[in-house]
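I opened my notebook to look through this chain one feature at a time. Here is what I wrote down as I went.

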Amino acid sequence: MTRAGAGRAAAGAARAAGKGGGSAAARRARLTGAQAHARYEEVVARAMTAADPVAALRAASADPALPAALRRALRGADEDGVRMSALLVARLRFERLLRGSPEAEAWFDRDPAAFSAAFRRYNAEVPPAAFFPAGEARLFRGWLEAQPPR
């Protein structure tokens with residue numbers, strides 16, 4: 001390795017460790033590895049419930065606090081795969097909700113259009129956090145209770 005190459009490698013390692021390079025604001029905004037991966041997972045989870053999940057991932061890929069490799073992963077995600085994943089997340093949440101809440105199931109049977117509109121808002125506003133039907137039902141009930149009267 002040449003002396004210039006060694007200097008560039010050292011500068012790259014210093015930047016990766018959060019030393020040198022970039023503005024003071026960018027250095028303060030850098031995350032630890034665990035923090036970066038936690039933010040990455042949060043971004044992907046939120047994108048799965050966004051109106052346009054591909055656009056959500058692309059916007060998140062501009063976050064300067066994320067390491068370059070994670071930003072590249074967000075930019076490089078297959079668009080069709082992202083859309084399909086978001087549809088599967090919505091379907092699973094919908095199924096969990098109907099299995100966990102007799103009230104939601106009755107509402108869906110009584111007025112599918114109104115229930116579906118409410119579910120779309122819920123899915124967009126409440127991050128997916130439940131693994132079982134009862135948990136999804138609790139999240140939905142809490143979301144409904146927080147809605148302004150119509």
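First, a word on terms: a helix in these notes is a DSSP run of at least four residues, numbered from the N terminus. With that in hand, I could place Leu87 in helix H6, which covers residues 79-100. I also noted at the start that this is a predicted model.

**Entry: the whole chain**

I counted up the secondary structure and got nine helices and zero strands. Read along the sequence, that gives the pattern α-α-α-α-α-α-α-α-α. The chain has 150 residues, and 25% of them are buried. I looked up the accessible surface too: it comes to about 9500 Å², with 60% of that belonging to carbon and sulfur atoms. Then I turned to contacts with a separation of 6 or more, and found that 53% of them join residues 24 or more positions apart.

**Entry: Leu87 and its patch**

Back to Leu87 in helix H6. Is Leu87 buried or exposed? Its relative accessible area is 57%, and the cut-off for exposed is over 50%, so Leu87 counts as exposed. I then checked what surrounds it on the surface: Met84, Leu87 and Leu88 make a nonpolar patch of about 310 Å².

**Entry: salt bridges within H6**

I searched the whole structure for salt bridges and found seven. As a reminder to myself, side chains of opposite charge can pair when their charged atoms come close.

I looked at Arg83 and Asp80 to begin with. Their side chains meet in a salt bridge, at 3.3 Å from N to O. Both residues lie in helix H6, three residues apart, or about one turn of the helix. Arg83 is partly exposed at 37% relative accessible area, while Asp80 is exposed at 56%. I followed this pair outward and found a network of salt bridges that links Arg58, Glu79, Asp80 and Arg83.

Next came Glu95 and Arg91, whose side chains meet in a salt bridge at 2.8 Å, N to O. Because they are four residues apart in helix H6, about one helical turn separates them. For Glu95 I noted a relative accessible area of 24%, so it is partly exposed. Arg91 has 53% and is exposed.

**Entry: a salt bridge between helices**

Which residue does Glu136 form a salt bridge with? I found Arg93, with the closest N and O atoms 3.1 Å apart. This pair links distant parts of the chain: Glu136 sits in helix H9 (residues 133-146) and Arg93 in helix H6, 43 residues apart. I checked the exposure of both partners, and Glu136 and Arg93 are each buried.

While in helix H9 I also looked up Arg141, which lies there. Arg141 is partly exposed, with a relative accessible area of 40%. Its C-alpha is 9.8 Å from that of Leu97, and the two residues are 44 apart along the chain.

**Entry: H7 against H8**

Two packed helices are described by the angle between their axes and the distance between the axes. I looked up both for helix H7 (residues 102-110) and helix H8 (residues 112-125): the angle is about 130° and the axes are 5 Å apart. H7 and H8 are therefore oblique to each other. From H7, the residues in the contact are Ala104, Trp107, Phe108, Asp109 and Arg110. They meet Pro112, Ala114, Phe115, Ser116 and Ala118 in H8.

**Entry: Arg46**

I found Arg46 in helix H3, residues 33-47. Which residues does Arg46 touch, leaving out those up to four places away in sequence? The answer is Ala124, Glu125, Val126 and Pro127. I checked one of these further: Arg46 and Pro127 are 81 residues apart in sequence, yet 6.1 Å apart in space, C-alpha to C-alpha. Arg46 is partly exposed, at 33% relative accessible area.

**Entry: Ala62 in a loop**

My last stop was Ala62, in the loop between helix H4 (53-60) and helix H5 (68-76). Ala62 has a relative accessible area of 58%, so it is exposed. I also looked up its separation from Arg72: 10 residues in sequence and 9.5 Å in space, C-alpha to C-alpha.

Notes:
Residues are numbered from 1 along each chain as its sequence is written. This is a predicted model: local features need pLDDT of at least 70, side-chain atom pairs count only at pLDDT 80 or more; totals for chains, interfaces and linings use all residues. Side-chain values use heavy atoms; hydrogens and water are left out. Helices (H or I, at least four residues) and strands (E, at least two) are DSSP runs, numbered from the N terminus. Buried means under 20% relative accessible area, exposed over 50%, partly exposed in between (1.4 Å probe, protein chains only). Contact means heavy atoms within 4.5 Å. Patches are made of residues with over 30% relative accessible area and no salt bridge: like charges are joined within 9 Å, nonpolar side chains (Val, Leu, Ile, Met, Phe, Trp, Tyr) within 5 Å. Accessible areas come from the Shrake-Rupley method with a 1.4 Å probe; for residues, only the protein chains shown count as cover. A salt bridge is a side-chain nitrogen of Lys or Arg within 4 Å of a carboxyl oxygen of Asp or Glu. Axes are lines fitted to C-alpha atoms, for helices over the stretch in contact, and angles run from 0 to 180 degrees between N-to-C directions. Angles under 35 degrees count as roughly parallel, over 145 as roughly antiparallel, 65 to 115 as roughly perpendicular and the rest as oblique.
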